[in-house]
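Visitor: Could you take me through one part of this model up close, and then keep going from there? I'd like the side-chain contacts, and where the residues behind them sit.

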Amino acid sequence: MNPPVPDVPHSDRDTWLEAVLEAHGPALGRLAASYARDLGEREDLVQEIVVAIWKALPRFRGECSERTFVFRIAHNRGIAHLARRRVPTASAADELEVQSPGPNPEQALSKAQQGDRLLEAVHRLPLGYRQVVTLTLEGFGYAEIADVLGITESNVGARLTRARQMLRQLL
Amino acid sequence: MEPDTELERWQGEWRAQDMIPTSLARRVERETRRMRWGVAAEIMVTVAMGGGTLGWAILSRRPDVAILAAGVWIIIAVAWTISMLLRRGAWQPAAATTAAFMEISILRCERGLRAIAAQALLFVPILGFDLVWLYFYRDETDVWTFLTRPAVLLIAWVGTAVAAAWAVWYRRRLRCELENLLRLRRELEGR
């Protein structure tokens, strides 16, 4: 898809947004789920993300891929969501000491349930690791993750290695 | 190169989750419409306050109304100057990355806290000017009687109390948000 020109009319923006949602909607939903545990909060966050993308469209000039642009905005809204919350998120280190759920035969029955367990484990990662992991799980490469988050590729690699160790412990 | 089976398995499990809410399109449409109305309302308030008093001064040709219009425009100018100073450098992130967004969010929170202090300081001369102008415009003879009129009581004193309560609540919210952002930045930096 060609990058839209700045100052696009609202109708074109809406069309572009529809295409973005079709291409990245489920991934944006999963990203929101990594920032918000509660279903209502999650839906609100997805809405905020989509509105932020809609608003940011005039600034998109194709310097990066559409996917990078969209996920950068989504992560930024996720951070803003965490900042507005009253209860701070617990870090993985704290959570690991409190509880580390072992393998549960019932939960392992279906892929969706495994997905739930994976999501729960991702929630317990510190934010920096969580961001790298969710982008990796969506199929982003090191360079693209570095571009979204504003960190170096070697930093992405280091965070991912540590995050995977933590995930193995948590799962 | 060997395939990373663990990562592939996790990716499969992760992508099996479909979490996009069905009513999203409608909600987004409603939100964007609300945003457009918000911008229109801001413009209308500025036009109504500034333009209204100016128009009144021109049509009435009365010096007291001219003083009111001048006062309103001075206040608008001061408010805009403060607003521009506080927004300087906080319009958009230095780079289009999540790390830069974090920095600008922290800056906006700090500026927001300063803005509340500035608004509180600006509120005192605005209220003072309005009351003094109204006192002379209405040819009042007794200050106490004027200050205890129901309309003045409601607008000036109840309005002040409501504005103060809002400022306290908003300041608390911003401080909480700033603390969260600083904590998240530490978490992102691995400290």
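Guide: Let's start at Tyr170(B), which is partly exposed, with a relative accessible area of 25%. Keep in mind that this is a predicted model. Tyr170(B) has a ring partner in Trp166(B), and the two form a stacked aromatic pair, 5.0 Å centre to centre with 15 degrees between the planes. Stacked is the right word because planes under 30 degrees apart count as such. Both residues belong to helix H6 of chain B, which covers residues 150-188, and they sit 4 residues apart, about one turn of the helix. Trp166(B) is partly exposed too, with a relative accessible area of 41%.

That pair has company: over all chains, the structure holds 11 aromatic pairs. Take Trp56(B) and Trp133(B), whose ring centres are 6.1 Å apart and whose planes stand at 75 degrees, so this pair is edge-to-face. Here the partners come from distant parts of the chain, with Trp56(B) in helix H2 (residues 24-60) of chain B and Trp133(B) in helix H4 (residues 98-137) of chain B, 77 residues apart. How covered are Trp56(B) and Trp133(B)? Trp56(B) is partly exposed at a relative accessible area of 35%, whereas Trp133(B) counts as buried at 11%. The label for Trp133(B) follows from its 11%, because buried means under 20% relative accessible area. Over in chain A, ring pairs link Trp16(A), Phe60(A) and Phe69(A) into a cluster.

While we're on H2 and H4 of chain B, look at the loops that come after them. Arg61(B) lies in the loop between H2 and helix H3 (63-87) of chain B. Its phi is near 55 degrees, a positive value in a residue other than glycine. Arg61(B) counts as exposed, at 74% relative accessibility. Now go to the loop between H4 and helix H5 (143-147) of chain B, where you'll find Asp139(B). Phi of Asp139(B) is also near 55 degrees, again positive in a residue that isn't glycine. Asp139(B) is exposed as well, with a relative accessible area of 65%.

On to the charged side chains. Side chains of opposite charge can pair when their charged atoms come close. The structure holds 14 salt bridges over all chains. One of them joins Glu48(A) to Arg84(A), with the closest N and O atoms 2.8 Å apart. Glu48(A) is in helix H2 (residues 39-56) of chain A and Arg84(A) in helix H3 (residues 66-84) of chain A, so the bridge ties together parts that are 36 residues apart in sequence. Both ends are partly exposed: Glu48(A) has 26% relative accessibility, and Arg84(A) has 35%.

Stay with H3 of chain A and you get to Arg67(A), which forms a salt bridge with Glu144(A), the closest N and O atoms again being 2.8 Å apart. This one links distant parts of the chain, from Arg67(A) in helix H3 to Glu144(A) in helix H7 (residues 142-149) of chain A, 77 residues apart. Arg67(A) counts as partly exposed, at 24% relative accessibility.

Those two helices are joined by another contact, a salt bridge where the side chains of Arg72(A) and Asp147(A) meet at 3.5 Å, N to O. Arg72(A) lies in helix H3 of chain A and Asp147(A) in helix H7 of chain A, so this pair ties together parts 75 residues apart in sequence. What about cover, is Arg72(A) buried or exposed? Arg72(A) counts as buried, at 8% relative accessibility, while Asp147(A) counts as partly exposed, at 34%. Elsewhere, salt bridges that share partners join Arg164(A), Arg168(A), Asp4(B) and Glu6(B) into one network, with residues from chain A and chain B in it.

One last stop for charges. Asp12(A), Asp14(A), Glu18(A) and Glu22(A) form a negative surface patch. Glu22(A) has its place in helix H1 (residues 10-35) of chain A. Glu22(A) is exposed, with a relative accessible area of 72%. Its membership in the patch fits that value, because patches are made of residues with over 30% relative accessible area and no salt bridge.

Methods: Residues are numbered from 1 along each chain as its sequence is written. Chains are lettered from A and ligands numbered from 1 in the order in which they are written. This is a predicted model: local features need pLDDT of at least 70, side-chain atom pairs count only at pLDDT 80 or more; totals for chains, interfaces and linings use all residues. Side-chain values use heavy atoms; hydrogens and water are left out. Patches are made of residues with over 30% relative accessible area and no salt bridge: like charges are joined within 9 Å, nonpolar side chains (Val, Leu, Ile, Met, Phe, Trp, Tyr) within 5 Å. Accessible areas come from the Shrake-Rupley method with a 1.4 Å probe; for residues, only the protein chains shown count as cover. A salt bridge is a side-chain nitrogen of Lys or Arg within 4 Å of a carboxyl oxygen of Asp or Glu. Lys and Arg count as positive and Asp and Glu as negative; His and the chain ends are not counted. The place of a charge is taken as NZ of Lys, CZ of Arg, CG of Asp or CD of Glu. Helices (H or I, at least four residues) and strands (E, at least two) are DSSP runs, numbered from the N terminus. Buried means under 20% relative accessible area, exposed over 50%, partly exposed in between (1.4 Å probe, protein chains only). Rings of Phe, Tyr and Trp (its six-membered ring) pair if their centres lie within 6.5 Å; planes under 30 degrees apart count as stacked, over 60 as edge-to-face and the rest as tilted.
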